[in-house]
Structures are given as C-alpha cells and as structure tokens.
There are 2 protein chains.
Amino acid sequence: MTSAPYASRERSTKERILGAAEALFATHGFAGASLRQVTAAARVNLAAVNYHFGSKDKLIEEVFRRRLDELNSRRLAALHKVAGKDGTSLEDVLDAYIRPALDLSRTDGGGAAFVRVLARAYAEHNETLRRFLSENYGHILRQFAAEFGRLLPGLAKEEIYWRLDIVTGALTYAMADFGIIQRKSDVAERDHRETAAEHLIRFAAAGMRNPSVSNAPASPR
Amino acid sequence: MTSAPYASRERSTKERILGAAEALFATHGFAGASLRQVTAAARVNLAAVNYHFGSKDKLIEEVFRRRLDELNSRRLAALHKVAGKDGTSLEDVLDAYIRPALDLSRTDGGGAAFVRVLARAYAEHNETLRRFLSENYGHILRQFAAEFGRLLPGLAKEEIYWRLDIVTGALTYAMADFGIIQRKSDVAERDHRETAAEHLIRFAAAGMRNPSVSNAPASPR
DNA sequence: CGTATTCTCAAACGATCGTTTGATTCAAAC
DNA sequence: GTTTGAATCAAACGATCGTTTGAGAATACG
C-alpha cells in the first residue's frame, strides 16, 4: 500500500463514484439506481465500484458514512455550545438539531442530494441500513434527549423520546422537500429550505413544550 | 364484458395480486419487489399482472387507488362532522385527519402494509406517482386547510398550509413506524400506533396553535 | 349443443442487473 | 531499466427483470 497512483486528477475515482451514487440514489432509490448509471455519471469504469467498494451494498454504506459522520459531529458541537447553560432555550436546542441538517442540505458538494437519500433510508425497511442508521443516530439522540429533559423537567423520559422522534421524522420529511404543497416558483430552493427550517423549529418547540396529558387527548372513540 | 368467470374462488385473482403487491411494496419498495415475487406470493401466474393491470406501473397505481379512495372519503366524513360547528376544537379537526389513517393501519386486510407503502411513495421521486398522490391528497387538504383557517384566524393561509404539510409528513412518518426509537417488545403493534397517534395529535395541535412570528425564530445565524 | 369470451398457464423474449475475469496502463520502488 | 503492485478497461458471466406469446382450460351465451 503506497501512495495512490492516478492521484493527479480533479477528484479521485472513489469520490466521483460516491458523488454520482449520492445523486442517483436520491433520485431513483437504492434499488432503482444501477451501477451502470452510477459509473456512467461518474465517468469511471463499471468495474471500479466493485474494485474500490467491494459491492453495491458497501457503496451504499459508504455514501451514508461520509455525510453522517460530519452531520453528527456538527450537531454535537452545536449542542455542546448551549447544553447545560442557564440562558438556553428550547429553540436553541432544536436549532442545534435541525440547523446542521439544513446546512448540509445547502452544501455545494451534493449535500442536498444526501438529505433526500436520508429520507429514503427512513422509508426503506432494509434491516442492515436501519441498524447502521440507528447506531449513528442513537448516539446523538441520547445526548439531545438529556438536554431536552433538563429544559422540560415535567416530561417523562419516554415522552421526550417520543416527541424527539416525531421531530426527526418531520425534519427528514421537510428537509427532503417531499411536501405536497409546491413552493412558489419564484422562491429559490435554499430560501425554501430556510423557511421550512424556521417553521419546523417553531412547530417543534411548541410540540415539545406542550404539557403531558394523563389520558387520551382528542376523541377517544 | 359479462360477469367474471373463475369467480367461485376465495378471492379473485386481481385482489390476490393487489394484496400481495401491497405487502411486498411495503417491504422491498416498488423497484425492489419484482412481479415474480408478487405473483408467487399471490399464487397466480406471472402473466396475470400484465393481463389484469397492463403493466407494473398500472398495478402500483391500482394499489394506491384502492386504499386512498377509502381513506379520503373517511377523512372527509370525519371532517364534515365537526367542520363549521361552534364547539369544534383544533384537536377534533386533527383527529379527523389522523384517525382514519390510524384506522386504516389497523385494518385486517393489509392496511398496515399500505401505510408503509404510502410512506414510501413520499420518499419516491417518481413524478407520475407524485402527481397521482397530489391529486388525491390536494382535494382533502384544501378542505382541512379551510377549517383550520376558521379555527386559527390569526394565521395566514400560506402559514396554515406550511404547518399542515409538516403534520402530514410527521403523520406519515409516525404511522409507518419508521421511528428510530424501538417500541418496547411487550407493547403490541396496534397499541404502539394508538400511542403514536395520541402523541402526534397533541404535538400537532400545539404546533398549529403556535402564534406566527414576524421574523426568524431561533438563532438567526 | 356449439360458439364466443374470459382467464390461466408454461415458455420464451430481449433487456438489464450486479459481479467477475484477464489483459493492459500507469506510477512508483529498487 | 526492470520489477512490482495498484488502478483502469473492455468484455463477458449467470441471474433476474418486465413483458409478450400462443395454446389450452374454464365459463358464459346463443
């Protein structure tokens, strides 16, 4: 294992494959995007995927790992800036959770595509993928839940996990721009995402703050 | 076109195909579930799909139409029971929106599978499917938005659509049981969904009631 | 009855899938 | 300059995909 040959090109073969796979997985899904589409978009040979990653499944895992590592550390960094402080508000913690995903979706290098890939991953029932995501998300989820518990002492631990779970679902949904409502055509994509994040933070803060009710809420049928 | 031959079997070939397709689409996705899997699970001949439905895409559309017609009419019926009345609360309207989906997910005939299919449809970028869903969902969405506007006169129309959109995303996410948090093993599936619906109604009501803010909420970065 | 229509079935179609192979090209090591 | 190993390439592998075909079975209708 010496230093890589062919290194004097714009981006390495592995990175080009990862970028192309990210974009195509976002558009056509994991089963819907073929390795021939991916390698053609990356302008590399078909065999390069199995050579560099081993298999299509391993490629999928690598697409996730590259972005999730960054997203997780960013969320934790934002959380640690406000966690345990006196003046910290619920909106601050939610912002630490949501903002990094928004920033990621605005990254030039395909972050917007990855957010859609992430939403697909939630919809996929693939057990291998679910375990992979749970390991990554569960780590930061516990730390956020602890901080929410500090700011909302009246809520049970399980209740907090419930609400944070809903926030995550709504976040994934909104960030991926899967809404039924079409945004106005004159509103740019990133302004749309920014507006969505603001709405979501207000929405989520109100939902998290809502006092717990002992019994069933609306019509108990 | 006379009455159908072969009618004297447990369930018709078309219905068996639809049921098997629903279950397999929920598990493996639209591209991930093959017609050979579907016809094998339905115990019908491979060619039966193209004979009865024309193509795989038409089969997918029919899987949606069968359930969405029922879900839409149920939601509208529930809405019309409370719309325009004096004592109607926000929770009542949200219940009219969420409860039919919960009931559908508890249907014996594969409704639980369809809810997962529905969540997949939101994650799919398929334009044909998006248009099909938008036509069905847009219809009831307008009526619900009108009632929400009556109960929340302080909110702009666009704001209501934003929030209702987020509720729909969170609903789809929660109903499909795609949460990160694993439910306790001793809690049955339908109890889990019931609890999720109650949480979602409380969460959504608080979010819908949250007064509008003129400027950006949390950290404006 | 016989004819017509609807439906089922086994088999095959061409296309595309993920993966593997073996030769070739390239850059560094000695 | 020769050797070495990593990287790329065209080509093909077997498997599976959605779809079509044509013959046969089952029902409906005269």
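A helix here is a DSSP run of H or I at least four residues long, numbered from the N terminus. With that in hand, welcome to this predicted model. R65(B), for instance, belongs to helix α4 of chain B. Chain A is built from 9 helices and 0 strands, and this briefing walks through that chain and through parts of chain B.

**Chain A as a whole**
- Going along the sequence of chain A, you meet the pattern α-α-α-α-α-α-α-α-α.
- Chain A has 221 residues, and 41% of them are buried.
- Take the contacts in chain A with a separation of 6 or more: 64% of them join residues 24 or more positions apart.

**What the UniProt record marks on chain A**
- An unreviewed UniProt entry gives the annotation "domain: HTH tetR-type" to residues 11–71 of chain A.
- In the model, that stretch from 11 to 71 is 74% helix and 0% strand, and its end C-alpha atoms are 22 Å apart.
- UniProt, again in an unreviewed entry, places the feature "DNA-binding region" at residues 34–53 of chain A.
- Residues 34–53 of chain A are 65% helix and 0% strand, with 15 Å between the end C-alpha atoms.

**Helix α1 of chain A**
- Helix α1 of chain A runs over residues 13–28, which is 16 residues.
- From its first C-alpha to its last, α1(A) reaches 22 Å, close to the 22 Å expected at 1.5 Å a residue.
- Which residues of α1(A) are buried? They are I17(A), L18(A), G19(A), A20(A), A21(A), E22(A), A23(A), L24(A), F25(A) and A26(A).
- The cover over these buried residues of α1(A) includes α2, α3, α4 and α6 (111–123) of chain A.
- After α1(A) comes G29(A), with a positive phi near 85 degrees.

**Helix α8 of chain A**
- Helix α8 of chain A takes in residues 157–175, and its 19 residues should span 27 Å at 1.5 Å a residue.
- The end C-alpha atoms of α8(A) are indeed 27 Å apart, so the expected and modelled spans agree.
- Most of α8(A) is covered, since 16 of its 19 residues are buried.

**A77(A), a residue of helix α4**
- A77(A) sits in helix α4 (residues 56–82) of chain A.
- Is A77(A) buried or exposed? A77(A) is exposed, because 11 other C-beta atoms lie within 10 Å and the cut-off for exposed is 12 or fewer.
- Along the sequence, 96 residues separate A77(A) from Y173(A), and their C-alpha atoms are 24 Å apart in space.

**Helix α4 of chain B**
- Helix α4 of chain B covers residues 56–82; at 1.5 Å a residue, its 27 residues should span 39 Å.
- The end C-alpha atoms of α4(B) are 40 Å apart, which agrees with that expectation.
- Where is the kink in α4(B) centred? The kink, of about 25 degrees, is centred on L68(B).
- L68(B) is also one of the buried residues of α4(B), along with L59(B), I60(B), V63(B), R67(B), L71(B), R75(B), A78(B) and L79(B).
- R65(B) counts as partly exposed, because 13 C-beta neighbours lie inside 10 Å.
- The C-alpha atom of R65(B) is 19 Å from that of I98(B), with the two positions 33 residues apart along the chain.
- G84(B) follows α4(B) and has a positive phi, near 80 degrees.

**How α1 and α4 pack in chain B**
- The axes of helix α1 (residues 13–28) of chain B and α4(B) come within 10 Å and cross at roughly 95 degrees.
- That angle makes α1(B) roughly perpendicular to α4(B), because angles of 65 to 115 degrees count as such.
- On the α1(B) side, the contact is made by L18(B), A21(B), E22(B) and F25(B).
- On the α4(B) side, the contact is made by L59(B), E62(B), V63(B) and R66(B).
- Of these, L59(B) and V63(B) are listed among the buried residues of α4(B).

**R43 in each chain**
- R43(A) lies in the loop between α2 (35–42) and α3 (48–52) of chain A.
- R43(A) has a positive phi of about 55 degrees although it is not a glycine.
- With 10 other C-beta atoms within 10 Å, R43(A) is exposed.
- In chain B, R43(B) is found in the loop between α2 (35–42) and α3 (48–52).
- Phi of R43(B) is positive, near 55 degrees, in a residue other than glycine.
- R43(B) counts as exposed, with 10 C-beta neighbours inside 10 Å.

How values were computed. Residues numbered from 1 in each chain as written. Chains lettered and ligands numbered in written order. Predicted model: local features only at pLDDT ≥ 70, side-chain atom pairs only at ≥ 80, totals over all residues. Helix = DSSP H or I, 4+ residues; strand = E, 2+ residues; numbered from the N terminus. Expected span 1.5 Å × (residues − 1). Bend = angle between axes of the 7 residues up to and from the residue. Buried ≥ 20, exposed ≤ 12 C-beta atoms within 10 Å, placed from the backbone. UniProt positions renumbered as here; feature names shortened; annotations may be inferred. Axes fitted to C-alpha atoms, helices over the stretch in contact; angles between N-to-C directions. Parallel < 35°, antiparallel > 145°, perpendicular 65-115°, else oblique. Contact = placed C-beta atoms within 7 Å.
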